[in-house]
Amino acid sequence: MDRLVSTVDILFKVALALIAAYTSYQFGAFRQQNDDAKLVVDLAFAQEPRTAMAGVVLAGTYLKSGQIPPDLYTSIVASANSNGDPQLRDTANNGATEIASSNRVVAKKLTQVLATLPVRVYFQISREADRARAKQTEDLLQNHGPTFNSQSVVVPGIQFVKQARTRTEVRCFKTAECNDFGSKLVTFLAGIGISSALVDLSDRYGNSESIRPYHFEIWFGPLS
């Protein structure tokens, strides 16, 4: 009987030790995850572009290893898409596409988060002489232009490209978006004296996860 009591006592102490060890481990892991999350947030939301890019890349690495939760990662990707820095956006979207291809939870969360972002219309000009007119168009579109499902419209900037164009094109990448906001953009441009053609690229890019929802491009032909 004494031996049985002694054995039970030993087992009980062992169980307590295991529980204490597990609790300590869990607490340590929780604290480590908080430290990892803070590091990623500090980097990804930094003002300096290279630091922010490093934070975005690190966020993807930490997500894969379970060091940060999916919600934090998708918030970082959404922020990168709202930043206006095309390199940061592309880095975030390329990493997100890779992760989403094998992680359905992340893929679903990314779709939900990106769908709430503003409509983004990227401007491209092939002549510096057209920049002033493109800038006027940017201001009009952001302040007085059409909307898509009441979402605001943002023009991240005006990019110079060397490929000369003879006409202005409004490029869209998802069928529903082309039919709605793409057509509105063509009408808007016509109203300010710029003739344009709608170029529907949904056959090629409609299922692409690398292009965020509500992404449009206007490739300007000569404006004067």
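**Why these labels? Two buried residues and a helix pair**

Modeller: Leaving aside neighbours within four places in sequence, Thr74 is in contact with Val106, Lys109, Leu110 and Val113. Keep in mind that this is a predicted model.

Biologist: What makes these four residues contacts of Thr74?

Modeller: The test is heavy atoms within 4.5 Å. Val106, Lys109, Leu110 and Val113 meet that test with Thr74.

Biologist: Where does Thr74 sit, and why is Thr74 called buried?

Modeller: Thr74 is in helix α3. Its relative accessibility is 2%. Buried means under 20%, so Thr74 qualifies.

Biologist: What does the side chain of Thr74 reach, and at what distance?

Modeller: It reaches the backbone oxygen of Asp71 at 2.9 Å. The limit for a polar contact is 3.5 Å, so this pair passes on distance.

Biologist: Turn to helix α8. Why is Ser202 called buried?

Modeller: Ser202 lies in α8, residues 202-205. Its relative accessible area is 10%. The cut-off is under 20%, therefore Ser202 counts as buried.

Biologist: Which residues is Ser202 in contact with, leaving aside its neighbours within four places in sequence?

Modeller: They are Cys172, Phe173, Lys174 and Thr175.

Biologist: What makes the Ser202 and Asp200 pair a polar contact?

Modeller: Their side chains are joined at 2.6 Å. The cut-off is 3.5 Å, so the distance fits.

Biologist: Back to α3. How do you know how it is placed against α4?

Modeller: Two packed helices are described by the angle and the distance between their axes. The axes of α3 (residues 70-82) and α4 (residues 86-100) come within 8 Å and cross at roughly 145°. The crossing is left-handed.

Biologist: Which residues of α3 and α4 make the contact?

Modeller: From α3, Tyr73, Val77, Ala80 and Asn81 take part. From α4 come Leu88, Arg89, Ala92, Asn93, Gly95, Ala96 and Ile99.

Biologist: How do these residues divide by class?

Modeller: Seven are nonpolar, three polar and one charged. Tyr73 is among the nonpolar residues because Tyr is on that list. Gly95 goes with the polar ones because Gly is classed there.

Biologist: And the whole chain: how much of it counts as buried?

Modeller: Of its 224 residues, 38% do. The chain has eight helices and six strands.

Biologist: What share of the contacts with a separation of 6 or more joins residues 24 or more positions apart?

Modeller: Such residues account for 77% of those contacts.

Key: Residues numbered from 1 in each chain as written. Predicted model: local features only at pLDDT ≥ 70, side-chain atom pairs only at ≥ 80, totals over all residues. Heavy atoms only, no water. Helix = DSSP H or I, 4+ residues; strand = E, 2+ residues; numbered from the N terminus. Buried < 20%, exposed > 50% of the residue type's maximum accessible area, 1.4 Å probe, protein only. Axes fitted to C-alpha atoms, helices over the stretch in contact; angles between N-to-C directions. Left-handed = near helix turned anticlockwise from the far one by under 90°. Polar contact = N/O pair within 3.5 Å; in protein donor to acceptor, adjacent residues only side chain to side chain.
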